[in-house]
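Here are some exercises to work through with the model open on your screen. Try each task yourself before you read the solution.

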Amino acid sequence: MSEYRSLLMRSNRLLGSALIEQNLVKFEDLEAANERLLEIATTGDMRRSSVLSVLVYEKKVLTEEAMLHHVVDEHGLGVIDLRTYDVPENIRRELDLEACWATWSVPFDHEEDFYFVATAYYLSSAVRSFWEKKLGGQIIWQATTMDIIADFIDRTHLEQKAANKNDPRPPTMGSRAPVPSPTSSAALFPMSDTVSPFPPLPLAGPSDSRPPLPT
């Protein structure tokens, strides 16, 4: 975690500031969440070191559904369910998983100079700046939930580990465990014919399943 600790803390700090500025949480709730975040961060557990996770799942003063609606309505993002998207193998193989944990964001496709990034932390300017610099191209941001991000990182980690059995480096994440959630992400990203409050999601399949490029 040491390499990305500064990024993780900055991502969370600027997310918290944005939540206050956009009236999504109260100042006193954010202060309490930040104190709890510092406690968790000392353990080195990147999965649990999230101010959004504390606000949503421990303090219960915010919901991810409210966050998704906000970034869709106010910032024009689309939404993505990575469980139904065929992420190219070369992207999964080369993905920097610690950077993904630190920013709760996952690059999931690439076409010409455009990169597609799914994120639960869009409101954090530190997250946007980090990926813009790292990828070096224009980014099409897609909103998603923390447990969908966590599930994708875990599955990708297992793939990378299987492909690099002789790699002496330690694993980049802890044991497999879902992000606690009082409301399953299945309710936010229905896999059935249930009516969704969000636009239709791209399904796994050929390359044209990706979100559209800007015109």
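A helix here is a DSSP run of H or I with at least four residues, a strand is a run of E with at least two, and both are numbered from the N terminus. Keep in mind that this is a predicted model.

**Exercise 1. Get your bearings**

Task: Work out how many helices and strands the protein chain has, and in what pattern they follow one another.

Solution. Start with the count: the protein chain has 9 helices and 4 strands. Next, walk along the sequence, and you should read off α-α-α-α-β-α-α-β-β-α-β-α-α. Then turn to burial: 50% of the 215 residues count as buried. For the outside, the accessible surface comes to about 11,100 Å², and carbon and sulfur atoms make up 50% of that. Finally, look at the contacts with a separation of 6 or more: 72% of them are between residues 24 or more positions apart.

**Exercise 2. One face of a helix**

Task: Find which residues of helix H7 are buried, and what they pack against.

Solution. Step one is to go through residues 125-135, which make up H7, and pick out the buried ones: Ala126, Val127, Phe130, Trp131 and Leu135. Step two is to look at how they sit around the axis: their arc is only 140°, so they are on the same side of H7. Step three is to see what that set meets: the buried residues of H7 pack against H1, helix H6 (97-103), S2, S3 and strand S4 (138-143). Last, look just past the end of H7, where Gly136 has a positive phi of about 70°.

Now zoom in on Ala126, which sits in helix H7. Its relative accessible area is 7%, under the 20% cut-off, so Ala126 is buried. Skipping neighbours within four places in sequence, you'll find Ala126 in contact with Leu7, Arg10, Ser11 and Leu14. For a distance to check, try Ala126 and Arg13: they are 113 residues apart in sequence, yet their C-alpha atoms are 8.8 Å apart.

**Exercise 3. Positive phi without glycine**

Task: Take Asn23 and Glu112, and say where each one lies and whether it is buried or exposed.

Solution. Begin with Asn23. Its phi is near 55°, which is positive even though the residue isn't glycine. Asn23 belongs to the loop that joins helix H1 (5-21) to helix H2 (27-41). With 68% relative accessibility, Asn23 is over the 50% cut-off and so counts as exposed.

Go on to Glu112. Here too phi is near 55°, a positive value in a non-glycine residue. Glu112 is in the loop between strand S2 (105-111) and strand S3 (114-119). Its relative accessibility is 61%, so Glu112 also counts as exposed.

**Exercise 4. Two charged side chains**

Task: Decide whether Glu39 and Arg92 are buried, partly exposed or exposed.

Solution. Glu39 first: you'll find it in helix H2. Its relative accessible area is 49%, which falls between the 20% and 50% cut-offs, so Glu39 is partly exposed. Across to Ser49, 10 residues away in sequence, the C-alpha to C-alpha distance is 8.8 Å.

Arg92 next, in helix H5 (residues 89-94). At 18% relative accessible area, Arg92 is buried. Not counting residues up to four places away in sequence, Arg92 touches Val87, Phe152, Thr156, Glu159 and Gln160. From Arg92 to Asp109, 17 residues apart along the chain, the C-alpha atoms are 9.5 Å from each other.

**Exercise 5. The hole inside**

Task: Find how many cavities of 30 Å³ or more the structure holds, and what lines the largest cavity.

Solution. The search gives 1 cavity of 30 Å³ or more. Its volume is about 90 Å³. Now list the lining: Leu52, Glu64, Met67, Leu68, Val71, Thr119, Ala120, Tyr121, Tyr122, Leu123, Ala143 and Thr144. Sort those residues by type and you get 9 nonpolar, 2 polar and 1 charged. Then ask which element gives the most to the lining. That is helix H4 (residues 64-75), with 4 residues.

Definitions and conventions: Residues numbered from 1 in each chain as written. Predicted model: local features only at pLDDT ≥ 70, side-chain atom pairs only at ≥ 80, totals over all residues. Heavy atoms only, no water. 1 Å grid on protein atoms, 1.4 Å probe; cavity = no way out; pocket = protein on both sides within 12 Å on 5 of 7 lines; lining within 4 Å. Points joined across faces, edges and corners; volume = space filled by probe spheres on them. Nonpolar A, V, L, I, M, F, W, Y, C, P; charged D, E, K, R; others polar. Buried < 20%, exposed > 50% of the residue type's maximum accessible area, 1.4 Å probe, protein only. Arc of directions from axis to C-beta. Contact = heavy atoms within 4.5 Å. Areas by Shrake-Rupley, 256 points an atom, 1.4 Å probe, with all protein chains shown as cover.
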